[in-house]
Amino acid sequence: MAIRVVTFIGEVCVDPLDGRRLFEEIKALLGTGEYVDVDFAGVTTLTSSFLNEGIGRLYGELPLSDVDRRIRFHGLDSADQSLLGLVRRNAIRYYGASAVERDALAKLSDDKA
Amino acid sequence: MIAAAHVRAARVFDVRTGKPQPEALVLDANVLFFVHYPSFGTLAAVGGEPPSVYRTREYGAALKRALRAKTRLFTSATTLLEFAHIVEKVELEISWRKAGGQGAFEYKQVREQLAAQLEEIRKTVLVYVSAVRKITTIIEALHAEGTLAVWRGSCGDTSDSALAAAALREGVPDLLSDDADFLTYRDLHLFTANQAAIDLAKSVGRLG
């Protein structure tokens, strides 16, 4: 299964809400196939806040080894690959936090929304 | 919040409306931080205080509209350094709290304590800086006289003043920021989602 991000989201990938849409799509496709190819070719702008919602969130849904094995990325230049690497590292750091710590986050987010 | 008498910005726009969409926009460090930094969840999880959710949401959406409209984006070298400093500070705070640090975070003290981690943290910071540089044009070398003149006529700090001076010198008066201090700079057009700043601008007839 494959997703062309430029078709699904557009050339500009900076909005966390768009990232969430990408996450939902990848999650759905993972339910129907073994691998998902995420192709960023044609995307002109990519931010970590988008990737955090779109990709980082997957590490909270699936085991680390599953995400790394079943999702394959294409069409990223070296700078965006570095950014994706940081988002991955950050997600692992976050989802490695205790449930109590994550509860603290949920409360903070609710208070400030 | 500053007093109404100090509101000097030419116009203030609620950026959430998407109108008007300027041809060129200068980005403040707080906007760069809200949009380009991904670890707010981790910061909150370890006991730090991330920015309000509306900030990441609204400024992300504003940046998307600007990029889709082919708005040219600028920031200043000083602002880029400020962004790097903010990210480094937060990364240090996360490391410090994860290692058991509690209470008030003292940047300088923690930076000294965690000096062995600085190289890795700064490598991380530079990845985010690169992401900013991909979408913005950097304006200025710092112009001390112009900055001091703008600073003198405002209620903002020297960093804000350097950005305002650079924006005005570049002929790009439209500035995206969550910082209400930019209300106090003459000739600037402040685009913001900061409701208190919007309300204040409305009360003195400068909104929209």
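**Close-up views of cores, rings and cavities**

**View 1. Meet B:Phe34, a buried residue of this predicted model.** B:Phe34 has a relative accessible area of 6%, and because buried means under 20%, the residue counts as buried. Look next at B:Phe33, which is also buried, with a relative accessible area of 9%.

**View 2. The rings of B:Phe33 and B:Phe34 form a tilted pair.** Counting over all chains gives 11 aromatic pairs. In the one shown here, 6.3 Å separates the ring centres and the planes meet at 45 degrees, so the pair is called tilted. If you are wondering what those two values are for, a pair of aromatic rings is described by the distance of the centres and the angle of the planes.

**View 3. B:Phe33 and B:Phe34 belong to one aromatic cluster.** Which other residues join them in the cluster? They are B:Tyr37, B:Phe40, B:Tyr59 and B:Tyr128.

**View 4. Here is the largest nonpolar core, with 75 residues.** The members that touch the most others are A:Ile26, A:Phe40, A:Leu51, B:Phe33 and B:Leu176. Take A:Ile26 as your starting point: leaving aside neighbours within four places in sequence, A:Ile26 is in contact with A:Ile3, A:Val36, A:Val38, A:Gly54, A:Ile55, A:Leu58 and A:Ile71. Apart from this core lies another, of 23 residues, including B:Ala24, B:Val26, B:Leu183 and B:Tyr185.

**View 5. Two arginines of chain A sit over aromatic rings.** The charged end of A:Arg21 is placed over the ring of A:Phe8, 5.2 Å from its centre. A:Arg72 lies over the face of A:Tyr35, and here the distance to the ring centre is 4.4 Å.

**View 6. The largest cavity holds about 70 Å³ of space.** Among the residues that line the largest cavity are B:Val15, B:Lys19, B:Pro20, B:Gln21, B:Ala62 and B:Phe191. B:Leu176, one of the best-connected names from View 4, is part of this lining too. How many of the lining residues are nonpolar, polar and charged? Eight are nonpolar, two polar and one charged.

**View 7. The second largest cavity has about 50 Å³ of space.** Its lining includes A:Thr44, A:Thr45, A:Leu46, A:Thr47 and A:Asp80 from chain A. From chain B come B:His36, B:Ala131, B:Lys134 and B:Ile135.

Conventions
Residues numbered from 1 in each chain as written. Chains lettered and ligands numbered in written order. Predicted model: local features only at pLDDT ≥ 70, side-chain atom pairs only at ≥ 80, totals over all residues. Heavy atoms only, no water. Core = buried A, V, L, I, M, F, W, Y, C linked by side-chain atoms within 4.5 Å. Buried < 20%, exposed > 50% of the residue type's maximum accessible area, 1.4 Å probe, protein only. Contact = heavy atoms within 4.5 Å. Phe/Tyr/Trp six-rings, centres within 6.5 Å; stacked < 30°, edge-to-face > 60°. Lys NZ or Arg CZ within 6 Å of the ring centre and 35° of its normal. 1 Å grid on protein atoms, 1.4 Å probe; cavity = no way out; pocket = protein on both sides within 12 Å on 5 of 7 lines; lining within 4 Å. Points joined across faces, edges and corners; volume = space filled by probe spheres on them. Nonpolar A, V, L, I, M, F, W, Y, C, P; charged D, E, K, R; others polar.
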